[in-house]
Amino acid sequence: MLVDQRSGARKIVRSKAVVVMDGMPPKQGRTLDISGSGLSLTFDHKLAAGDIGMVSFELFVEGKAQVLSCRSRVNYCIFSGDHFKIGFQFMNPDMATMATINKFLR
C-alpha cells in the first residue's frame with residue numbers, strides 16, 4: 001500500500017517543465033500539481049528516488065507567466081500509462097521563488 005507522503009495544500013498546475021538532472025541533458029516534462037514544498041510532473045524518462053537536479057517550470061501569477069527554477073530531489077517515480085509520474089521536493093528554494101509559489105497557492 002502506498003502512503004501519501006505529501007504535506008500542505010496542493011494546487012493543480014498544467015504547464016511545461018524542463019528537468020536537468022545532474023549529469024544529464026535537459027528533458028521536457030509537464031507539471032501536474034504544486035505545493036509549497038514540491039511539485040509533481042509527467043516525464044518520459046524514469047528517475048530514481050533520491051536523484052537531484054534542477055526543475056524549471058512556469059506559473060501564472062497575477063496574470064503574468066513567471067518561470068521558476070529550483071534545485072529538487074526526486075521523492076518518487078511511478079510508471080503511469082505511457083509516462084512516469086515523478087514527485088520532486090524543493091531543496092532550499094530562494095525567497096523570491098517561495099514568494100511566487102505561495103502567491104500562486106493562495
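**Helix 1 and two loop residues**

Asparagine 92 is exposed, with a relative accessible area of 76%. That is in a predicted model, so keep in mind that everything here is computed. Where does asparagine 92 sit? In the loop between strand 7 and helix 1. Its backbone deserves a look too. Phi of asparagine 92 is near 50°, a positive value in a residue other than glycine.

There is another residue to put beside it. Glutamate 62 also has phi near 50°, positive, and again the residue is not glycine. Glutamate 62 belongs to the loop between strand 5 and strand 6. Buried or exposed? Exposed, at a relative accessible area of 63%.

Now helix 1 itself. The helix covers residues 95-105. Aspartate 94 caps its N-terminal end. The contact runs from a side-chain oxygen of aspartate 94 to the backbone nitrogen of alanine 96, at 3.2 Å.

Which residues of helix 1 are buried? Thr97, Met98, Thr100, Ile101 and Phe104. Seen down the helix axis, these buried residues fall within an arc of 160°, so they line one face of helix 1. The spacing rule is familiar: an α-helix has 3.6 residues a turn, so residues three or four places apart point the same way. On the other side of helix 1, Met95 and Ala96 are exposed.

And what covers the buried residues? The cover includes strand 1 (11-12) and strand 3 (27-34). It also includes strand 5 (52-61), strand 6 (64-80) and strand 7 (83-90).

Note on methods
Residues are numbered from 1 along each chain as its sequence is written. This is a predicted model: local features need pLDDT of at least 70, side-chain atom pairs count only at pLDDT 80 or more; totals for chains, interfaces and linings use all residues. Side-chain values use heavy atoms; hydrogens and water are left out. Buried means under 20% relative accessible area, exposed over 50%, partly exposed in between (1.4 Å probe, protein chains only). Helices (H or I, at least four residues) and strands (E, at least two) are DSSP runs, numbered from the N terminus. The arc is that of the directions from the helix axis to the C-beta atoms. Contact means heavy atoms within 4.5 Å. A polar contact is a pair of N or O atoms within 3.5 Å; within protein, one must be able to donate a hydrogen and the other to accept it, and residues adjacent in sequence count only if both atoms are side-chain atoms.
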